[in-house]
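Me: I am new to this structure. Please take one part of it and describe closely how its residues are placed and what surrounds them.

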Amino acid sequence: MMVVGLETVQDLVMMLTSANQVREEFGMWIDDKIYKQLMQVAADLESWATTRNLAIATGELIDFL
């Protein structure tokens, strides 16, 4: 699963806390700003579910999607 639009979530802390509780169920690509919040609020989720460096260029990913 890929989650887009995290920067628009009204209560990101609550969302990250909830996601941390079910972290085995999904993975996500995130940017540096979201990563910083994730590490503060749900560090366990970071080790289970995140990818910060994509193997392909952003443009290629967008075209693929």
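Reply: **From one residue to one helix**

Trp 29 is partly exposed, as its relative accessible area is 36%; buried denotes under 20%, exposed over 50%, and partly exposed the range in between, with a 1.4 Å probe and protein chains only. Trp 29 belongs to strand 1, residues 28-29. Its C-alpha atom lies 8.2 Å from that of Val 4, although 25 residues separate the two along the chain.

Two notes on reading apply here. The model is predicted, so local features need pLDDT of at least 70 and side-chain atom pairs count only at pLDDT 80 or more, whereas totals for chains, interfaces and linings use all residues. Residues are numbered from 1 along each chain as its sequence is written, and side-chain values use heavy atoms, without hydrogens and water.

The part to be examined closely is helix 2, residues 32-41, whose buried residues are Ile 34, Tyr 35 and Leu 38. Viewed down the helix axis, these buried residues fall within an arc of 105°, so they line one face of helix 2; the arc is taken from the directions from the axis to the C-beta atoms. Exposed on the other side of helix 2 are Lys 33, Lys 36 and Gln 40.

The largest nonpolar core has eight residues in all: Leu 6, Leu 12, Leu 16, Ile 30, Ile 34, Tyr 35, Leu 38 and Ala 42. Such a core is a set of buried Ala, Val, Leu, Ile, Met, Phe, Trp, Tyr and Cys residues joined through side-chain atoms within 4.5 Å. At least two residues of this core come from helix 1 (12-21), and at least two from helix 2. Helix 2 gives the most, with three residues. Apart from its neighbours within four places in sequence, Ile 34 is in contact (heavy atoms within 4.5 Å) with Leu 6, Glu 7 and Leu 12.

The setting of helix 2 is a protein with four helices and two strands, in the order α-β-α-α-β-α along the sequence. These elements are DSSP runs numbered from the N terminus, helices being H or I with at least four residues and strands E with at least two. Of the protein's 65 residues, 26% count as buried.

Confidence is given by pLDDT, the predictor's value for each residue from 0 to 100. The protein averages 76, and 72% of the residues score at least 70. Helix 1 has the highest confidence, at 85, and strand 2 (residues 50-51) the lowest, at a mean of 55. Where pLDDT is low, the predicted coordinates should not be read in detail.
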